[in-house]
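Visitor: I would like a close look at a single part of this model, taken slowly and with the terms spelled out.

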Amino acid sequence: MTSLSIFALGASHSFGAAVAAQLGAGLAPHEDRAFEDGEYKMRPLASVRGRDVYVVFSLYAEPGVSSADKLLKLLFFIGALRDSGAARVTAVTPYLAFARKDRRTKSRDPVTTRYVAQLFEAMRVDGVITVDVHNIAAFENAFRCETIPLDAHALFARHFAPVIGAEPVAVVSPDLGGEKRAELFRERLEKTLGRPVGKAFMDKTRSEGRVTGDIFAGDVAGRIAIILDDLIAGGGTIARTAAACRAQGAARILAAATHGVFTAKTPRLLLDVPLDALTLTDSVPLANAAAQALDGRLTILPLAPLVAQAIRRRHENGCITELLANGP
């Protein structure tokens, strides 16, 4: 791993340090300097010439720093690395912002996933590693560089297996768009448990910020219902699905999402939801107030081993056309 350099920008420093530790490496130093008018300068402070470079930066918004700010910083830093002679540069974005709008559903809609891909390509990035991107097919089709989509299915399956024990269980998708994601997790959970796992899904339509649809299909009566989604923002989708599972007679209701991109109102909303437990990853750090509000029902799973595994495979094996993560 001597030709490997790992940088971690902004608030992703701790996450990046955990990834580097998994690889038996340290973080390379860099400069991130803000000017008085809000502009900034990004550059590596160690030589990257001829090296295989990975830049860790999760693109969630935080107080005072928007997702757009982080995206621009990441692009500028990638540009500086290429200009400094890096042999290969890979962006590691556990949470990839602007991925929700991956297709046109209304006239003149933007296709933001494609626009973001074009920005990365303009800066000559060689690959993008991300975890549970909103739509894998759209992500892979939008980028012309190498894409490495990871998922947290194995992490969630190993976490839930001892919680479930011998009880009957079903995996629930909160909308039809997430059905494929839920099915892949259901198959992983079946493999982990060594027995059949049921499935169910909710109908959901979102238009101009308003969510409709109340059709529920599948059998959760007397079962543990595990609601799986890629992210939780406002919490409304999880809330309505949990309520539907309770109405359908679920014995216990658990929820799992990779990215907890909570709004200020989300923890309070989830307190009133018939949810026995919520499991997230650390792709987006939760504010202390949010974590405390969900104390006793919240579990955070670390993603660093999964991301480090992907970096190790890419670094040692060269080009990876596809990496479906089975967990470290």
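In which sense do β13 and β14 pair, and over how many bridges? Please continue from there to the surroundings of β13.

Guide: This is a predicted model, in which local features need pLDDT of at least 70 and side-chain atom pairs count only at pLDDT 80 or more, while totals for chains, interfaces and linings use all residues. Residues are numbered from 1 along each chain as its sequence is written, and side-chain values use heavy atoms, with hydrogens and water left out.

β13 and β14 pair in the parallel sense over 8 bridges, where strands are DSSP runs (E, at least two residues; helices are H or I, at least four), numbered from the N terminus, and two strands count as paired if DSSP finds at least two bridges between them. Within this pairing, Ile224 has Arg252 in β14 as its bridge partner. β13 is also joined to β8, again in parallel, by 4 bridges, and here Val171 is matched with Ile226 of β13. Strands of a sheet pair through backbone hydrogen bonds, either parallel or antiparallel.

The wider setting is an open sheet of 7 strands with mixed pairing, in the order β12-β9-β8-β13-β14-β15-β16. β12 (216-218) and β16 (298-301) stand at its edges with a single partner strand each, so one side of each is left without a neighbour in the sheet. From one strand to the next the twist averages 20 degrees, angles being taken from 0 to 180 degrees between N-to-C directions of axes fitted to C-alpha atoms, for helices over the stretch in contact.

Two helices can be placed against this arrangement. Helix α6 (residues 179-193) lies across β8 (169-173), β9 (198-202) and β13 (224-232), and runs at about 160 degrees to β8. Helix α7 (residues 236-247) packs on the sheet, where it touches β8, β9, β12, β13 and β14 (252-260), and its direction makes about 170 degrees with that of β13. Together β13, α7 and β14 make a right-handed β-α-β unit, meaning that, with the strands pointing away from the viewer, the path from the first strand over the helix to the second runs clockwise.

As for accessibility, 9 of the 9 residues of β13 are buried, that is, under 20% relative accessible area, with exposed being over 50% and partly exposed in between (1.4 Å probe, protein chains only). Asp229, which has its place in strand β13, is buried with a relative accessible area of 7%. Leaving aside neighbours within four places in sequence, Asp229 is in contact with Pro174, Arg181, Thr237, Ala256, Ala257 and Thr258, contact meaning heavy atoms within 4.5 Å.
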